[in-house]
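Hi! Here is the structure I promised to pass on to you. Have a look at it first, and then read my notes below.

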Amino acid sequence: MRKHPGLKTLAPNSRYSLERAKGLKGRSIAITQADLVKKVFVKSYGCQMNVYDAERMADMLATEGYSETKAMEEADLVILNTCHIREKAAEKVYSELGRVRELKKEREAAGQETRIVVAGCVAQAEGKEILRRAPAVDVVVGPQNYHNLPALLQKARAERVVDTEFPVEDKFDHLPKPSKTAIRNRGVSAFLTIQEGCDKFCTFCVVPYTRGAEVSRPVAKILDEAMRLADAGVRELTLIGQNVNAYHGEGPDGSVWSLGRLLHRLAEVPGIARLRYTTSHPRDMDDELIAAHRDLPALMPYLHLPVQSGSDRILDAMNRKHTGDEYRRLIERIRKAQPDLALSSDFIVGFPGETDEDFEDTMRLIADVGFASSFSFKYSPRPGTPAAEIEAQVSEAVKAERLARLQNLLEMQRQAFNRGTVGRTLDVLLEKPGRHPGQMAGKSPYLQAVQIESDRHAIGEIVTVRITQAGSNSLFGEVAGSGSQAAA
Ligand code: SAH
Ligand code: SF4
Ligand code: F3S
């Protein structure tokens, strides 16, 4: 039974009671608790950008009277915020929609309505096709249009709708700001979108088509959002964008700011102790950004810089516009600025035409550079991208074998990196209660999960922890003092 402060006095069969009280029994419109306290369930797939967008959708729907639920069964509105990056990700949406449709039927039988929205990158890529394949869907809305959701839901009362036009206005100008409570519920580490879209057109990738052209948000708006987050207790900001280091936003003085300059300004926001950014492209690591890794203590010594492949031939076919050696030299330059740097990357195996030799080049690059963490995938041909048209596709069996070898090497590097932190003292930002009573969990500067034996500390505090043990997914440690990372 839903709880609402104003409905406390209702009998358990409140639907009946309410209908009677309002004299509506037997009429087609019955006022139920659900009409008064609507619930929205949002499920996000894919990248951090979708996580951020899901939060913004929830903030917007909060102003329309929806509260967020983590249980799909009790949702009056189900939003699937989808990802189109690989075939598996996109197909997941249709199987999930099958389940939601069943749920819709069950709820219907119990007199409850369920409305279904498909948002995100599959919505953008497939549009009307979703309405055809999934008859229970009410609204399909692209990543640049979700500020229209209330109007679209209204419109969908008459006819199912699709909104995937790239709008001229900026959706951010139409989105309500989150409440302090909503921010607090999301924790002390927050994502902040500073840039969207991509102009790079890597030949395997759908993002330039689903997210559109690169756009940077103005500095003033980012600062405003950062201060609001900090004011509600956020200590760590991860600046996000599909191509975040291509950031070139309008500064307060009208000049164009780079990511390096923006980071310096954000480090001055009171309460913000840690800054991160993701995802960056090797070609956009400019001198100012590299210098920020040297000069800015708040900028965490962790960098996700996807290389995808170590073969020059494949990098060229991918349109990455750099070679393996250029990547190695770039890493050397960044490490010179910040020797204490944990690196992370994305890899694709089995790109069309990838030979054994090309694959060995990737293995060599991994061995040369050394990664603290990574994400790796089998190449998945995506409709409409140039690489999908190449005839020399690599067989599934070869992709699987290469992926296993690559992941084996990367996993060894990850574990070696984690073991290397045992005995060191690291600053840990405490994020939540730990797995067991008396424990707390947080993150090291290198984004490692750390468990500590303590419940004396507050969430949001940065403590110095001596790392005593490296487990397979987390580090364990003892508090050695309050953190050296001063808040600005
Ligand atoms: N903007 C980021 C990546 C965004 S997509 C960048 O330039 O690195 C996240 C990752 O998904 C990519 O880095 C890539 O490794 C992987 N990916 C993208 N398209 C893919 C495809 N068609 N098949 C397999 N993996 C893919
Ligand atoms: Fe995709 Fe390449 Fe753009 Fe990254 S840089 S989002 S991989 S097109
Ligand atoms: Fe997926 Fe779209 Fe992000 S395709 S990875 S959700 S930008």
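**What I found**

Let's begin in a loop: Phe-201 sits between strand S8 (195-196) and helix H9 (207-210). Phe-201 is worth a click, as its phi is positive, about 50°, although it is not a glycine. As background, most residues other than glycine have a negative phi, and most peptide bonds are trans. There is a cis peptide bond to look up too: it joins Thr-278 and Thr-279, with omega at about 0°. Thr-279 is in the loop that runs between strand S13 (274-278) and helix H12 (287-295). Please keep in mind throughout that this is a predicted model.

Now for the overall layout. The domain assignment splits the protein into domain 1 (1-32), domain 2 (37-163), domain 3 (172-418) and domain 4 (425-485). I spent a while on how domain 2 and domain 3 meet. Their C-alpha centres are 27 Å apart, and the contact takes 26 residues from domain 2 and 28 residues from domain 3.

How much area is buried between domain 2 and domain 3? The size of an interface is often given as the accessible area lost when the parts come together. Here that area is about 2300 Å², and carbon and sulfur atoms give 59% of it.

There is charge pairing between these two domains as well. Side chains of opposite charge can pair when their charged atoms come close. Between domain 2 and domain 3 the count is three salt bridges. You can also find Asp-53 and Arg-211, whose side chains meet in a salt bridge at 2.9 Å, N to O. Polar contacts between domain 2 and domain 3 come to eleven residue pairs, both residues being at pLDDT 80 or more.

Which elements give two or more residues to the side of domain 2 that touches domain 3? They are helix H3 (48-62), helix H4 (87-109) and helix H5 (120-126). H3 gives the most to that side, with eleven residues. Sorted by class, the side of domain 2 that touches domain 3 has twelve nonpolar, seven polar and seven charged residues.

Back to salt bridges for a moment: the count for the model comes to 39. One to look at is Lys-43 with Glu-96, whose side chains meet at 3.6 Å, N to O. Lys-43 lies in strand S1 (residues 38-44) and Glu-96 in helix H4, so this pair ties together parts that are 53 residues apart in sequence.

Last, some strands further along the chain. Strand S18 (residues 439-443) and strand S19 (residues 449-453) pair in the antiparallel sense over five bridges, and Lys-443 stands opposite Ala-449 in S19. S18 and S19 form a hairpin with five residues between them. In the turn, Leu-447 has a positive phi of about 65°. S19 also pairs with strand S21 (residues 474-482), this time in the parallel sense, over four bridges. To find that pairing, look for Gln-451, which stands opposite Phe-476 in S21.

Have fun exploring!

Technical notes
Residues numbered from 1 in each chain as written. Chains lettered and ligands numbered in written order. Predicted model: local features only at pLDDT ≥ 70, side-chain atom pairs only at ≥ 80, totals over all residues. Heavy atoms only, no water. Domains from an automatic or database assignment. Contact = heavy atoms within 4.5 Å. Buried area = accessible area lost by both parts, 1.4 Å probe. Salt bridge = Lys/Arg side-chain N within 4 Å of Asp/Glu carboxyl O. Polar contact = N/O pair within 3.5 Å; in protein donor to acceptor, adjacent residues only side chain to side chain. Nonpolar A, V, L, I, M, F, W, Y, C, P; charged D, E, K, R; others polar. Pairing = 2+ DSSP bridges.
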